[in-house]
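Hi,

Here is the structure I promised to send over. Have a look at it first, and my notes on what turned up follow underneath.

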Amino acid sequence: MRPRWKKVLTDLWDNKARTLLVVLSIAIGVLAIGVIAGAYVIIDADMSVSYAAHNPANLELRMQDFDTDLLDAVRHYHGIADAEARRAISLSVRPQGSEVWTKLDFIAVQDFKENRINLLTPVEGADQPHNGEILLEEDARDKLGVAPGDVVEVRLRDGTIKPLRVAGIVQDPTTSAADFLAAPLAYVPDDSLPDLHQPQTFNRLYITLDSGQDDEDHIREMLFTVKDKIEKSGYYVGFTRRSKTHQHPLASTVNAVLGILMALGVLIVFLSSSLIANTLSALLQQHMRHIGVMKLVGGRNYQVLGMYLVLMLAFGLLALLIAVPLGGQGAYGLALFIANSIGFALQGYRIVPLAFVAQIAVGLLVPLVAGLAPVLSGTRITVLQAISGDPARFGGGVSESLIDRTLLRLTQALARRGIHTPRPVLISIRNTFRNKRRLALTLFTLTMGGAIFISVFNVRTSLYRFVQQVGNYFLADVSVDFSKSYRIHKVESYIKQVPGVVAVEGWTYATAEILYPDGSLADNINILAPPANTSLVSPLMVAGRWMRPDDVRKLVISESILDAYPDLQPGDTLRLKIEGKEETWEVVGIFKFVGLEGTLGYAPYEYLSRAQNRANRAFSYRVITEEHDRAYQNLMRQRLDASLRAHGFQVEDTTAGLASLDDASESLDILITFLLIMALLTATVGSMGLAGTMGMNVLERTREIGIMRAIGGTDTRIMGIVITEGLFIGLISWVLADILSVPFSYFLSGIVSRAIFNTPIQVVFTPTGFGLWLGLVIILSSLASVLPAYNAARLTIREVLAYE
Amino acid sequence: MPDTSASEPIIQLREVVKTYHSEAGDYTALKGLNLEVYPGEFLGILGKSGAGKSTLLNMLSGVDQVTSGEVLVRSAEGVIALHTLDENALALWRGRNMGIVYQSFQLLPTLSLMENVMLPIDLCGNYHPRRSRERAMELLRMVELEEHARKIPAFISGGQKQRVAIARALANDPPIIVADEPTGSLDSVTAEHIFELFEKLVAAGKTIVMVTHDQGLMPRFTRYKILADGAWVEEMP
Ligand SMILES: Nc1ncnc2c1ncn2[C@@H]1O[C@H](COP(=O)(O)OP(=O)(O)OP(=O)(O)O)[C@@H](O)[C@H]1O
Ligand SMILES: [Mg+2]
C-alpha cells in the first residue's frame with residue numbers, strides 16, 4: 001500500500017475513540033434518515049394497497065333500519081358495482097370474570113362467506129362465526145386481552161348479560177379506517193341479532209362504484225344521487241362517508257406525522273454534521289505537523305487534500321456499514337408498528353431503494369460537507385507554519401483575556417463577600433472558553449438536543465391538555481339513554497334520588513346535512529342540544545358566542561366547518577337539511593373541537609325540543625356525580641342503570657365517562673413515543689459532541705496536565721477539573737435549551753396538532769421536560785467527561801513529555 | 001550525479017534580505033546575504049543562536065519567502081529562481097531536488113520506518129510498489145536500520161530517528177541535502193555517527209549544506225561560513 005494511504009488507514013485505526021465518535025455521529029443521522037424515509041415509502045405504498053385490497057366501500061350510509069328489498073334495489077342502481085348491508089350496534093363487553101367493560105362496535109354481517117366489501121383478513125382461529133360466537137378485530141382482542149376459544153360477556157341494552165365465544169381474530173383495515181378514535185370492532189352473524197335483542201334489519205349500507213373509484217368528484221356526485229334515491233324510497237339517512245379505493249383515509253395524517261419525524265431526522269443529520277466539523281477541525285489541528293512534513297518532502301496541496309477527503313469518505317463508509325442494515329430493519333419495524341396500530345397489513349419485508357440511496361448520499365456527503373471547511377483550511381497550512389507550530393491560526397485572541405478578566409473580577413467580588421471560589425473550578429471555567437469555535441459548536445448541538453427534548457414534553461402536555469379540553473364537551477360522569485322520551489321533571493326526580501348524583505340535564509340531538517348553495521352535500525353535522533345554560537359543556541370558542549336560551553335556528557358550530565366553508569364567520573347563515581326539511585340557520589359562534597367524524601354543532605334544548613315537538617321531554621340524560629374518577633363513574637353507572645330499570649324506565653344504554661378519550665390519549669402516546677425517541681437521538685448526538693469536545697480539550701492540554709501532575713496535582717483533582725468543565729458546558733447548554741425550547745414548542749405543537757387534529761392548539765409548558773433535561777444533562781455531561789478525565793489522570797509525566 | 005567542474009554554483013543567493021514582521025516590530029534576520037554553493041561541496045553554516053542560520057536554510061529550501069533578493073537553484077530543469085514557483089511547484093521541486101533534515105526528526109508517527117522513507121517517492125517520485133520498497137530498504141541498510149524497517153518511530157532511539165530522516169531525505173535521490181542542526185539533540189557519540197553518514201554522502205557526490213553551532217566541526221567541512229546577526233563574518237564572534 002502506498003505510504004499515504006497507509007497513513008489514512010492508521011489515522012483511522014490509531015485513534016479509535018475519535019473514529020468511533022465520528023462514525024457514530026454520521027451513523028445516527030444516516031440511521032434516522034434511513035428508518036424514516038424507508039418507513040415513509042413502505043407506509044405510503046402499503047397503506048393504500050392494503051386498504052384497496054380489502055375492497056373498501058366508496059360510499060357508506062348510516063341510516064334508518066332497512067331490509068333486503070332496499071339492498072336489492074340499491075344493487076341495481078346505475079353506476080354501482082356492489083352493495084352490502086350490515087347492522088352496527090355499540091355494546092359493552094368484558095372478558096368473563098372481569099369487572100371492566102369495554103365499548104365495542106358490533107357489526108352484524110349477513111354472510112361471512114359472501115363478504116365482498118370491507119373484507120376481513122383472518123388472523124387467528126375461525127373466520128366464520130356461528131350463532132353464539134364472535135369475531136374480534138385485533139384492536140378489540142388487545143383491549144380485552146382474550147384469545148380464540150375464550151368467552152366474553154356482552155351487556156345488552158336491557159341490561160341482560162350474554163356470553164359469546166370468541167371464534168377468531170380478524171384484521172379490518174377499512175370499516176373504521178377514517179377514525180382512529182373509533183371503538184374497536186367485533187363481528188357477529190346477523191342471525192344472532194335476535195339473541196342480542198336487536199331486530200334482524202340493517203342500518204348501514206356499504207357501496208362500491210363500478211367506475212371512477214378514485215375520482216373525488218365522481219364519488220361525491222354518486223353519493224348525492226344514491227342518497228337522494230334512497231331518501232325518495234322513504235328512508236332517512238343520518239350520516240354518510242365517501243372514500244377513494246386506493247387512498248387510505250388516514251394517509252395524509254400518517255404522512256404528516258412521518259414528515260415531522262423526517263424533519264427531526266434532518267435536524268439530527270445537521271447536528272451530527274456540526275459534531276463532525278468539530279472533530280475534524282481538531283484532527284486537522286493535531287495533524288498540522290504531519291501535513292507540514294508531507295509538504296516538506298514534496299507533497300502538494302491536492303495530494304494532502306485527497307488524503308483527508310479519503311479519510312472522511314472512510315468515516316462515511318464505516319458509518320454506512322453500521323447504519324444501512326440497521327436502517328433497513330428499523331424502517332420495516334417502524335412501518336410494521338404504524339401498520340399494526342392503524343390496523344393494516346404490510347406487503348412483506350423489503351429494501352426500499354430510495355431510502356438506501358438517501359442513506360448512502362447522507363453517509364458520504366455529511367462528512368464531506370461538514371469536514372470540508374476544516375480540511376480545506378487545515379491542508380492549506382504552509383510548511384513553515386506547520387513546522388514552527390504557528391499558533392496564530394487557531395483560537396485564542398483578545399476576548400479570551402476579557403473572559404479571564406471578568407472571571408477575575410467576579411471571583412474577587414465573591415471573595416469580598418466571603419465566598420471563595422476553589423482554584424480548580426476557576427481553571428475549569430477558563431478552560432471552557434479556550435477554543436471558542438469548538439465551544440460554540442458543542443453548545444449548539446447540546447442545546448438543540450435539549451431544546452427538542454424539552455419541547456417534546458411541552459407538546460405532549462399540550463396535546464393531552466387539548467384532549468382534556470375536548471373532554472369539556474363531554475363532562476358528564478354518566479350518560480343515560482332511554483328508548484323512548486320521558487318528561488324531564490319525572491326522570492330528574494328519580495335520578496336525583498340515587499345517592500351520589502349532583503345534577504342531571506336532559507338533552508336532545510339531531511343529525512343534519514350542511515348543504516352547498518347548489519344543494520349538494522357539504523358536510524354532515526351532529527347537533528347536540530343541551531339546555532343553553534348547561535354546566536356540562538365548556539367550549540373553547542374561536543369566534544362569536546355560545547348559545548342562548550332564546551336562540552331560534554341559531555347554531556354554534558365546530559371549526560371543521562371551515563373545510564367546507566373557509567370564510568364562514570359568526571352572523572353568516574347555512575342551509576341545513578334537518579330531519580328531512582331544508583332550513584336556513586344562523587351561525588352565532590365557532591368552537592374548537594377534535595373530530596374526524598364530521599362536524600359538531602350546539603343549539604339550545606329550549607329551541608330544538610320544541611322544533612321536535614318534544615318540549616320538556618328527552619331521550620338522553622347527562623348526570624353529574626360527586627366524584628369524577630373512572631371507578632366512581634362506573635359505580636354510579638351501575639347504580640343508575642339498576643335503579644332506573646327497577647322503576648320501570650326503558651333504559652337503552654348507560655355509559656360512564658367518555659371512553660373514546662382514553663383511545664385518543666393512546667394514539668397520542670404512540671406519536672409522543674416517536675417524538676421522544678427522536679429527542680433522545682438528538683440528545684445522544686449532543687452528548688457525543690460534548691464527549692468529543694472534552695476528549696479533544698484534554699488531548700490538547702496533555703502537556704499542561706503533565707505539568708500539573710509534576711507539581712503535585714492528584715488524580716482526583718485533575719479528573720475534577722475536567723468533569724467540572726464538562727458540567728459547566730452542560731449547564732450553559734441547559735439554560736440556552738430552556739430559552740430555545742419556547743419557540744420550538746410552539747413550532748412543534750403547531751405542526752403536530754395540525755397533522756392530527758386539523759387545528760392549532762394552545763401550547764402548555766410543563767416543568768417535566770425542563771427538569772428531566774437538567775437531570776439528563778448533568779448525567780450526560782459527567783459521563784461525557786469521565787472518560788477523557790480518566791485518560792487525563794492516567795497520563796504519566798513521561799508520556800506527557802514524550803507527547804508531540 | 002553532481003557536477004564536479006566546481007565552476008558553476010548549484011545554489012546561488014543574491015542579496016537575500018529577510019525581514020520578519022511581528023507585533024513587536026520588524027526584525028531583519030538576513031541582511032543582504034550572498035552565497036554560492038558548488039556541486040559536491042560540504043558547506044557548513046556556523047553561528048550563534050539567533051544569528052539567522054535557520055532563516056537562511058528556509059530561504060534556500062524555499063520553505064519561506066525572501067523579502068528581497070533571489071535564490072537561484074540549478075537542477076535538471078535548468079536554473080530556477082525559487083520565488084517564481086508557486087507553493088505546489090515548490091513542493092514538487094523540493095521533493096525531487098532537495099532532501100531536508102531537521103534537528104527534530106519530523107517523522108510521521110503512524111508510519112513504519114520503511115513507509116516514512118517511501119513517503120517522498122509516493123508524493124513526488126516515481127512510485128512503484130516493489131521498486132520503491134527495495135529503494136527504501138537499500139537506504140535503510142545504508143543507515144544500518146534494515147532490521148527495524150517495520151517498526152514505528154516511537155520504538156527507536158533519537159539517533160536512529162535521525163538516520164531514518166536522512167534516509168528519507170535521500171529517497172528521491174536529490175542532488176542537494178540541507179540539514180539544520182541534525183545532531184543538535186543527540187549525544188556526542190551518536191552525533192559523530194550521524195556526521196560520518198553525511199561525510200559518506202558527500203563522498204558519494206551529494207552537495208550538502210549543514211547548519212551547526214558546533215565549532216569543533218569546522219575543519220571537517222569542505223568549506224564553512226560564519227553568520228552573525230544576519231550577515232557573514234570572518235570569525236566566530
Ligand atoms: N517567525 C519569526 N518572526 C519573527 N522573528 C523571527 C521569526 N523566526 C525567527 N525570528 C528571529 O530571527 C532571528 C533568526 O532566527 P533563526 O531561527 O534563523 O536563528 P538561528 O540562527 O537558527 O538560531 P538557533 O541556533 O537558536 O536555531 C532570531 O532573532 C529570531 O528571533
Ligand atoms: Mg535554528
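To start with a small detail: which residue in β5(B) is the bridge partner of Val73(B)? It's Ile80(B). Do bear in mind as you read on that this is a predicted model.

That pair belongs to a little piece of sheet in chain B. Strand β4 of chain B covers residues 68–75 and strand β5 of chain B covers residues 78–81; the two run antiparallel and are joined by four bridges. Together β4(B) and β5(B) make a hairpin, with two residues between the strands.

Now over to chain A, which is split into four pieces: domain 1 (1–55 + 253–398), domain 2 (62–242), domain 3 (435–472 + 661–804) and domain 4 (475–657). I looked at how domains 3 and 4 of chain A meet. Their centres, taken over C-alpha atoms, are 48 Å apart. On the domain 3 side 10 residues are in contact with 11 residues of domain 4, and the two domains of chain A bury about 910 Å² between them, with 54% of that on carbon and sulfur atoms.

As for specific interactions, there are zero salt bridges between domain 3 and domain 4 of chain A, and zero residue pairs in polar contact turn up across that interface, counting pairs with both residues at pLDDT 80 or more. Helix α13 of chain A (residues 436–470) gives the largest share of the domain 3 side, three residues. By class, that side of domain 3 of chain A has four nonpolar, five polar and one charged residues.

Cheers

Key. Residues are numbered from 1 along each chain as its sequence is written. Chains are lettered from A and ligands numbered from 1 in the order in which they are written. This is a predicted model: local features need pLDDT of at least 70, side-chain atom pairs count only at pLDDT 80 or more; totals for chains, interfaces and linings use all residues. Side-chain values use heavy atoms; hydrogens and water are left out. Two strands pair if DSSP finds at least two bridges between them. Domain bounds come from an automatic or database domain assignment. Contact means heavy atoms within 4.5 Å. Buried area is the accessible area (1.4 Å probe) that two parts lose on being put together, summed over both. A salt bridge is a side-chain nitrogen of Lys or Arg within 4 Å of a carboxyl oxygen of Asp or Glu. A polar contact is a pair of N or O atoms within 3.5 Å; within protein, one must be able to donate a hydrogen and the other to accept it, and residues adjacent in sequence count only if both atoms are side-chain atoms. Ala, Val, Leu, Ile, Met, Phe, Trp, Tyr, Cys and Pro count as nonpolar, Asp, Glu, Lys and Arg as charged, and the others, Gly among them, as polar.
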